[in-house]
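Visitor: I'd like a close look at one small part, and then how the rest is put together around it. Could you take me through it?

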Amino acid sequence: MSRTLIKLDKGISPVISTTILIATVIILGITFMTYATSLSNMQSSEARLRNMILDETAKVVMYFEKVSTTDNIIEIYLGLTKVIPEANTYYLILFKTYDYGSVYDLSPLSVSNVSQILPQPPRNILPDTLPATKTYVVETTGNYVPLNILGYPSINAYPLMYKPQPLNSSLIKIEIGKSDLTGSRYVVPIILINFGDEYYEVARLYYFYKP
Amino acid sequence: MSHTLRSGQAEVIGGLIVASVLLIVIVPLTLNIISSTTTIGTRSFVLRSQFEVERWSEKLTLSKDMTKLENSGPVKVTIVRIWRNVNGTSVPIDVQPIEIPSGEYIPITQLASTPKELEAIVTARGRVFKISELIPPTPPTGAPLGLSGNEISGGSTLFDLNISVMRCIINKSRESRVCNRPLPAIYYNNSWWAYVNGSWRPINVDSDKTYSDLDGNNASELVVIHLVGNDYRVLGGTNYQYAIRIGNYVNIASDVKLIAVYMKALFKSSKDVSVVVGINVSLAHSRNMSVMVSSYAVLSSAKITKGDINLMIYEGYVLFPVKQFNYFDTLLSNNPGLYDLIIEINVTVQEGAGDVYSSIEYIAVSTA
């Protein structure tokens, strides 16, 4: 009997060992595959987001079409067109600054009025409030930084519904009181695009203000 | 010995299989991510670069007679919007897209009745062409004395000037007539010419040519005649004021620092009269009459005394030191574009009675 048991042990042992090893390998394999897939998905998702931002940044063209001043008001007419005509909603945020370039000196600018003049019919635009933690602007190194690092909990953003028809061109009028620009030299309009619940800069301009 | 070798081989083979599987899974994933990022990024970059090249290749020019708008660039231009002056206010107006192929033109009437109504043209690629920048500069045809051609913008002999408006007020003329139809006139090519309804025409004037060359230097001068019925008469009143307005004469950029108006004005009076003459030089925006600056440096109280040498020549320049005066700087930098040059001449009789003749030999403007 004892001899038989020894024989059984000898026969069963490799099978069990092999089974355990195979199971371990399968479990490790699946775990690794899940991890790799998850990592890959994460990377793909980030890459897709980067691509979409890059794509929109390349497509959106913002320019100053006209600037006129009166004693108290500066009227800035912003033209908006796209390299490839596509409908989209953008968000306009407005800052003022003394220094060109750095985002760390930007201060939110309160404006008298923002309106979409063309295409017809003209309409006033009321601002939405965006959370600063989910609103990203580009710093000088090219990286996106959330606006909350500038110390703002939220920021006013004016939604712009861009439609390529009838013309691939929009005109936005911004009215700014000169008194709101005290101590600043630049008006900085920034266009954002919305992905999920986050907002990313796709275009920026600087208007040099000479008091 | 052989059993140990086999075990080793199996481990190596197993290891190779595992490594291969890992590589087969990870490498394509990584390549896929890199590839998709690079492909889309490159495509966007190429599209935008191409767009910007085309955008900044757009070029529009206005013909010399300002009736045609030509696409003088290498790419097709599509006009989507114009800025038009409506009752003194600039208004953006969307237009049906107007395509101008390279090298072709459209009549300006397709956008507005005259170029003066237009302020800017906006293209589909987002270029803004200001009309004031499209107007071709007037090449100087003859430099005034003492100046070289490249120092002068818009400089010309008077005969070539586009004199758009003429004002004339005669307080008391010799014939007690009011100068109600003043004309700029010049003696040229052995006959008198007047600027009538936008062009120079020969006229019959019963006046000596010396009226147009008061200093006898053989350079014809601009004089003012007044027309009453068929009577062309060189002004010889005793107390008068007139202004010459030369339309679209000076192109002023927003960063202008100094404007200099060079001129030679002549006054001749009868020996039995004493007069005080004054010249005031102003610049007025061609499209907005309210934008106007007058030079602080004027010839304001030169006197020709009775019995004295009865010819006075003012030859020099009038300066607009833009940067030195906040008023000039603010007004001109906010309103760049074409300006009319206005030269106002006042002659006041102080003593006696007689004829007074005035004329202008040349005008030129340079900006810096």
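Which residue stands opposite B:E70 in β5(B)?

Guide: That would be B:Y105. Before going further, keep in mind that this is a predicted model. B:E70 is part of strand β2 of chain B, which covers residues 68–71. This strand pairs with β5(B) in the antiparallel sense, and three bridges hold the pairing in the count.

Step back a little and you get the sheet they belong to. It's an open one of three strands in chain B, ordered β1-β2-β5 and paired antiparallel. The edge positions go to β1 (60–62) and β5 (105–107) of chain B; each has a single partner strand, so one side of each is left without a neighbour in the sheet. That puts B:Y105 in one of the edge strands. From one strand to the next, the twist averages 20°.

Over in chain A there's another open sheet, this time with five strands in the order β1-β2-β11-β5-β6, again with antiparallel pairing. Here β1 (60–69) and β6 of chain A are at the edges, and since each has a single partner strand, one side of each is left without a neighbour in the sheet. β1(A) runs antiparallel to strand β2 (residues 73–82) of chain A, and nine bridges join the two. If you want a pair to look at there, try A:V61, which sits opposite A:T81 in β2(A). While you're in chain A, have a look at the loop between β5 (113–118) and β6 (123–124), where you'll find A:P119. The peptide bond joining A:L118 and A:P119 is cis, with omega at about 0°.

Strand β1 of chain A also takes you across to the partner chain. A:K66 makes a salt bridge with B:E119, with the closest N and O atoms 2.8 Å apart. It's a pair between chains, running from strand β1 of chain A to strand β6 of chain B. A:D55 and B:R43 form a salt bridge too, with their closest N and O atoms 3.6 Å apart. Between chain B and chain A the count is three salt bridges, while over all chains it comes to 21.

Now for the interface as a whole. On chain B, 32 residues are in contact with 31 residues of chain A. Together the two chains bury about 2,500 Å², 63% of it on carbon and sulfur atoms. Nine residue pairs are in polar contact across it. On chain B, the side touching chain A draws at least two residues from each of α1 (2–57), β3 (77–86), β4 (89–100), β6 (118–123) and α3 (326–334). The most come from α1(B), which gives 14 residues. By type, the residues on that side of chain B are 16 nonpolar, eight polar and eight charged.

How values were computed: Residues are numbered from 1 along each chain as its sequence is written. Chains are lettered from A and ligands numbered from 1 in the order in which they are written. This is a predicted model: local features need pLDDT of at least 70, side-chain atom pairs count only at pLDDT 80 or more; totals for chains, interfaces and linings use all residues. Side-chain values use heavy atoms; hydrogens and water are left out. Contact means heavy atoms within 4.5 Å. Buried area is the accessible area (1.4 Å probe) that two parts lose on being put together, summed over both. A salt bridge is a side-chain nitrogen of Lys or Arg within 4 Å of a carboxyl oxygen of Asp or Glu. A polar contact is a pair of N or O atoms within 3.5 Å; within protein, one must be able to donate a hydrogen and the other to accept it, and residues adjacent in sequence count only if both atoms are side-chain atoms. Helices (H or I, at least four residues) and strands (E, at least two) are DSSP runs, numbered from the N terminus. Ala, Val, Leu, Ile, Met, Phe, Trp, Tyr, Cys and Pro count as nonpolar, Asp, Glu, Lys and Arg as charged, and the others, Gly among them, as polar. Two strands pair if DSSP finds at least two bridges between them. Axes are lines fitted to C-alpha atoms, for helices over the stretch in contact, and angles run from 0 to 180 degrees between N-to-C directions.
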